[in-house]
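Biologist: I'd like to learn how to read a model like this one, feature by feature. Could you walk me through it?

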Amino acid sequence: MKKKQSRPVHYFIAIIAVVAGVLFDQWTKLLVLTHLKGHDSYIVIKNVFELEYLENRGAAFGMLQGKQFFFIFCVALIAFFSIYFYRTVPMTKHFLPLRICAVFILAGAFGNMIDRVIRHYVVDFFYFSLIDFPIFNVADIYVTFSAFGLIILLLFYYKEEDLEQIFHNRKGK
């Protein structure tokens, strides 16, 4: 049997991690607003990677432009399910990667939501010109890597018994 650790301690650490993630995201956006807004892009590696200021009023790849209420509603849903998932996952080392994914998904969702509420757009600035990849930000990195990590973990790392333990953990308590 794997040792369970104190839930309140894990919750406190998760809250601190989400806040730290959001603060880092917002700090990078503040730097971009201060140093890149109104200026040409900053070339980091010629024809490969640059920092370019973009005001994104839509979702990924510029979809759903100007649908702020929809995005805020989506963040509320993501927050609800991420918190529910975090609370459902057993507090053992074995399930730590899943809890980390939930924390970073929350940090990314909140980071971009703050932009949408305060500025009415999301500040994006990372641009891979080599492949003409859409411009993105730190919060997008959190969400994308965590979502892929979550999928990989659930499909290839955790066994059926683990998933049973996660999704039926609250029954009978």
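Modeller: Sure. Let's start with two residues: Lys 29 is buried, and Asp 25 is buried as well. Keep in mind that this is a predicted model.

Biologist: Where do Lys 29 and Asp 25 lie?

Modeller: Both are in helix H1, which covers residues 7-35, and they are four residues apart, about one turn of the helix. As for the general idea, side chains of opposite charge can pair when their charged atoms come close. Here, Lys 29 and Asp 25 form a salt bridge, with the closest N and O atoms 2.8 Å apart.

Biologist: Which other side chain does Lys 29 meet in a salt bridge?

Modeller: That of Asp 115, at 3.1 Å from N to O. This pair links distant parts of the chain: Lys 29 sits in helix H1 and Asp 115 in helix H3 (residues 96-118), 86 residues apart. Lys 29 and Asp 115 are both buried.

Biologist: Which residues are linked with them in a network?

Modeller: The salt-bridge network links Asp 25, Lys 29, Asp 115 and Arg 119.

Biologist: How many salt bridges are there altogether?

Modeller: The count comes to five, taking a side-chain nitrogen of Lys or Arg within 4 Å of a carboxyl oxygen of Asp or Glu. One of them joins the side chains of Glu 55 and Lys 37, at 3.7 Å from N to O. Glu 55 lies in strand E2 and Lys 37 in the loop between H1 and E1, so the pair ties together parts that are 18 residues apart in sequence.

Biologist: Are Glu 55 and Lys 37 buried or exposed?

Modeller: In between. Glu 55 is partly exposed, with a relative accessible area of 28%, and Lys 37 counts as partly exposed at 39%. The cut-offs behind those words are under 20% for buried and over 50% for exposed.

Biologist: And the charges across the whole protein: how many positive and negative side chains are there?

Modeller: There are 18 positive and 13 negative side chains, and the centres of the two sets lie 13 Å apart.

Biologist: Now the strands. How should I read them?

Modeller: The general idea first: in a regular strand the side chains alternate between the two faces of the sheet. In this model, strand E1 (residues 42-45) pairs with strand E2 (residues 49-56) in the antiparallel sense, over three bridges. E2 also pairs with strand E3 (residues 122-127), again antiparallel, over five bridges.

Biologist: Which residues stand opposite Leu 51?

Modeller: On the E1 side, Tyr 42 stands opposite Leu 51 of E2. In E3, the bridge partner of Leu 51 is Phe 126.

Biologist: What do E1 and E2 form together?

Modeller: A hairpin, with three residues between the two strands. Asn 47 is in the turn, and backbone angles are worth a look there. Most residues other than glycine have a negative phi, and most peptide bonds are trans. Asn 47 has a phi near 65°, a positive value in a residue other than glycine. Asn 47 is also exposed, with a relative accessible area of 55%.

Biologist: Which other residue has a positive phi although it is not a glycine?

Modeller: Asp 132, at about 50°. It's in the loop between E3 and helix H4 (138-157), and Asp 132 is exposed, with a relative accessible area of 55%.

Biologist: Let's zoom out. What pattern does the protein follow along the sequence?

Modeller: The pattern is α-β-β-α-α-β-α-α, made of five helices and three strands. The C-alpha trace spans about 60 × 30 × 30 Å along its principal axes.

Biologist: How much of the protein is buried, and how much area does it expose?

Modeller: Buried residues make up 39% of the 173 residues. The exposed area is about 10900 Å², with carbon and sulfur atoms supplying 72% of it.

Biologist: What share of the contacts joins residues 24 or more positions apart?

Modeller: Counting contacts with a separation of 6 or more, that share is 70%. For a long separation in sequence, look at Ala 17 and Ile 100: they are 83 residues apart along the chain, and their C-alpha atoms are separated by 9.0 Å. Ala 17 is found in helix H1 and is partly exposed, with a relative accessible area of 33%.

Methods:
Residues are numbered from 1 along each chain as its sequence is written. This is a predicted model: local features need pLDDT of at least 70, side-chain atom pairs count only at pLDDT 80 or more; totals for chains, interfaces and linings use all residues. Side-chain values use heavy atoms; hydrogens and water are left out. Buried means under 20% relative accessible area, exposed over 50%, partly exposed in between (1.4 Å probe, protein chains only). Contact means heavy atoms within 4.5 Å. Accessible areas come from the Shrake-Rupley method with a 1.4 Å probe; for residues, only the protein chains shown count as cover. Lys and Arg count as positive and Asp and Glu as negative; His and the chain ends are not counted. The place of a charge is taken as NZ of Lys, CZ of Arg, CG of Asp or CD of Glu. Two strands pair if DSSP finds at least two bridges between them.
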